[in-house]
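Trainee: Please take a close look at the sheets of this model, and explain how the strands are arranged and what lies around them. I would like the cut-offs behind each term as you go.

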Amino acid sequence: MKKKFKLEDLDCANCAAKMEDAIKKISGVTDANVSFMAQKMTVEAEDDRFDEIMKEVAAVCAKVEPDCKILM
Amino acid sequence: MTKKQKNMLYRIILAFVLLAALMVCEHLGIFGVLAGTWLLLPVYAVPYLIIGYDVIYKAARNIRNGQVFDENFLMMLATFGAFGVKEYSEAAAVMLFYQVGELFQSYAVGKSRQSIADMMDICPEYANVEQDGELVQVDPDDVEVGSMIVVKPGERIPLDGIVAEGESYVDTAALTGESVPRKAAVGEEIYSGCVNGSGTLKIRTTKEFDDSTVAKILELVENASSKKARTEKFITKFARYYTPIVTVGAVLLAFVPPLILGGGFGEWIRRACTFLVISCPCALVISVPLGFFGGIGASSRMGVLVKGGNFLEAVAEMTTIVFDKTGTLTKGEFKVTKILPASDGAGAKDESSGDLLELAALGEGYSNHPIAVSIREAYEEQGGKIDMERVAEAEEIAGHGICVRVDGREVLLGNEKLMQLKAIEYRPVSDAGTVVYAACEKHYLGALVISDVVKEGAEQAIRDMKKAGVKKCVMLTGDREVAAQAVASELGLDEVHAELLPGDKVSIVERLLQGQRGNEKLAFAGDGINDAPVLTRADIGIAMGSMGSDAAIEAADIVLMDDDVRKIAAVVKCARKTLCIVKQNIVFALGVKALVLILGALGMANMWEAVFADVGVAVIAIMNSMRALKMEGK
């Protein structure tokens, strides 16, 4: 399943790249993309564990850039 | 400015005033014996903390989260280092300068993001649906296929459909880049995303919102940024190594020279601090994707959808382009292109071309064959009226043509075989296209040549592409050799392959691909009927958006929304400019950083210059990237 999320207060481009890397490393995530310009994140992951994976994604993002909020 | 940015501005002003006052005091010697001692530290810490408390807070928080090499931490380390060597005013000033730069950067990014958003502002917000005689605004997502929607003057058309009532001119600029409004009348197809002109339209929808043109375009553009160009990938990778390397360099610079050369650590720590300030790769990480984003945005404003930065990069390196003939270089509709009356010699009776056309049009009056239709159209265009009462006894001779009576005279219309069958003396015509011979009462009247017409601007398109640096233009077609050669010479193409079966196209493209050297790229442009395999095989697949099939648009990398081949050359230019801007940014940012690093190591650059090399360069690079967005098609 592929889903798009809006991001708020994503202020640095380097952080976006770091977030993308970190999300891709979560098991179950097939693809991820964090767009600094569009302030959007696309996550592609296993269907049945999607919600669980998204919790991990949020945790990882909070680690890299605590100011950035994912609007779910 | 956002609230956050305004807050920062107040902090900057406050810190600046305080710091300036302190520096003036120091200059005038007011601090007296205190100057140069540790006692001044708390004094300078006030403006420093006003401007930099969030940097320190974020740095501490990020270290706890295991993110060591982030710019906050590096800035903190650099300024603490400066405090350590008793450069109080410099420490506070550098932090101030850094925050000014950050503010600029955030403002510039916000601005460019806004202008991209404005450009992509083609999404309709509502649809007017008639319910119980009243107009109700609903979400376009909720409108079912086959519903009747009303579009008032000036409103955006929310869904694809067919005009059921009303007449208006619609502005298609957002989709095709075409500024001349298109007429919309009853029975015509209409696309979502266009803006309605002065008339009210009632439209019967033919697609759901998710499948309609506007939703598809938005999806394509949004996904475009996820397909990264080679340059972009390189920069991301580079950034990953750059920061740690520079930081390690700073540590080495701080401790190694004093240990070898002896002397104090102070000077070397100060130099190391300049290193730390430059170590953030932000200028590159922001400006490169922004440049590509701008280039894609500028192309979509011209009516060309580029599906990713990687394709924009590939187009800039395009040296060969392969065209499909029908629908791409030609219109794919038949027209009478030549009327050849037998006014001399062969025919016994002189007939003007008008009579020849009249008899042919009447003779073909009952047929629905595209050739017959084109003859009738040609006659009507000249002001003729087809009166079918004059026609009788139409008889089709399979594989040859027809025999009819017009005004009581026997008229023969057909190919060479028909002329031979009826033993009529005719003059063979060797023109490209389909030839219809006509005879009346056993006398040869002449011939009509019917062929597919070259698209307007196709010739100019080829010329522009050559000018833009495309070396080879190739045409592939399933059509006859003569017809293909005729089009090729009219357009000035370099290579033609005719009488091909669909499978042959792939093998020819593959052969051409093998002939490409190094980074040279090959593009294939087609209208998409049977073209999907070729579109995927070529480095760049270009599909015609309005004529092409959905499968072709899906398979293609670049879509020409209004099928205008001239736009290809425009995109090549746009791509070259975008790449040029991106390269400028890389060279400029890396160059300035390298220079300041060297000067810093030699003790010739101070922290001020380092801050400029960091945030100043980022701001300039962002502004340069914005030029990509402002590009015009022509």
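Mentor: What follows starts with the sheet of chain A, goes on to the contact between the chains, and ends with the strands, domains and cores of chain B.

This is a predicted model, in which local features need pLDDT of at least 70 and side-chain atom pairs count only at pLDDT 80 or more, while totals for chains, interfaces and linings use all residues. Residues are numbered from 1 along each chain as its sequence is written, chains are lettered from A, and ligands are numbered from 1, in the order in which they are written.

In chain A, 4 strands make up an open sheet with the order β2-β3-β1-β4 and antiparallel pairing (strands are DSSP runs of E with at least two residues, helices are runs of H or I with at least four, and both are numbered from the N terminus; two strands pair if DSSP finds at least two bridges between them). Its edge strands, each of which pairs on one side only, are β2 and β4 (69-71) of chain A. On average, neighbouring strands of this sheet are turned by 25° against each other, direction ignored (axes are lines fitted to C-alpha atoms, for helices over the stretch in contact, and angles run from 0 to 180 degrees between N-to-C directions). Within the sheet, β1 (residues 2-8) and β3 (residues 40-45) of chain A are joined in the antiparallel sense by 5 bridges, and A:Lys6 has A:Lys40 of β3(A) opposite it. Helix α2(A) packs on the sheet, where it touches β2, β3 and β4 of chain A, and its direction makes about 140° with that of β3(A). Helix α1(A) lies across β2 and β3 of chain A and runs at about 170° to β2(A).

One residue of helix α2 of chain A is A:Ala62, which counts as partly exposed because it has 15 C-beta neighbours inside 10 Å (20 or more other C-beta atoms within 10 Å would make a residue buried, 12 or fewer exposed, with C-beta atoms placed from the backbone). Between the C-alpha atoms of A:Ala62 and A:Phe5, 57 residues apart along the chain, the separation is 15 Å.

Where the chains meet, 14 residues of chain A are in contact with 20 residues of chain B (a contact requires C-beta atoms, placed from the backbone, to lie within 7 Å). On the side of chain A that touches chain B, two or more residues each come from α1 (13-24), β2 (29-35) and α2 (50-64) of chain A. The most come from α1(A), which gives 3 residues to that side. By type, the residues of this side are 8 nonpolar, 4 polar and 2 charged (Ala, Val, Leu, Ile, Met, Phe, Trp, Tyr, Cys and Pro count as nonpolar, Asp, Glu, Lys and Arg as charged, and the others, Gly among them, as polar).

Chain B has an open sheet of 3 strands in the order β6-β5-β8, again with antiparallel pairing. The strands at its edges are β6 (182-184) and β8 (195-196) of chain B, each pairing on one side only. Strand β5 (residues 168-171) of chain B is joined to β8(B) by 2 bridges, and B:Val170 faces B:Asn196 in β8(B). Strand β4 (residues 161-165) of chain B pairs antiparallel with β7 (residues 189-190) of chain B over 2 bridges and with β9 (residues 201-205) of chain B over 4 bridges. B:Gly161 has B:Ile190 as its bridge partner in β7(B), and stands opposite B:Thr205 in β9(B).

Strand β17 (residues 443-454) of chain B pairs antiparallel with β12 (residues 330-341) of chain B over 8 bridges and with β16 (residues 434-440) of chain B over 7 bridges. In the hairpin of β16(B) and β17(B), 2 residues lie between the strands, and B:Glu441 in the turn has a positive phi of about 50°.

An automatic or database domain assignment divides chain B into domain 1 (127-222), domain 2 (291-328 + 455-576) and domain 3 (332-453). Taken over C-alpha atoms, the centres of domain 1 and domain 3 of chain B are 43 Å apart.

The largest nonpolar core has 182 residues, and B:Val94 and B:Met95 are among those with the most contacts inside it (a core is a set of buried Ala, Val, Leu, Ile, Met, Phe, Trp, Tyr and Cys residues joined through C-beta atoms within 7 Å). Helix α19 (residues 566-601) of chain B gives the most to this core, with 15 residues. Because domain 1 and domain 2 of chain B both give residues to this core, it lies between them. A second, separate core has 32 residues, including B:Leu357 and B:Val406.

Terms used
Two residues are in contact if their C-beta atoms, placed from the backbone, lie within 7 Å.
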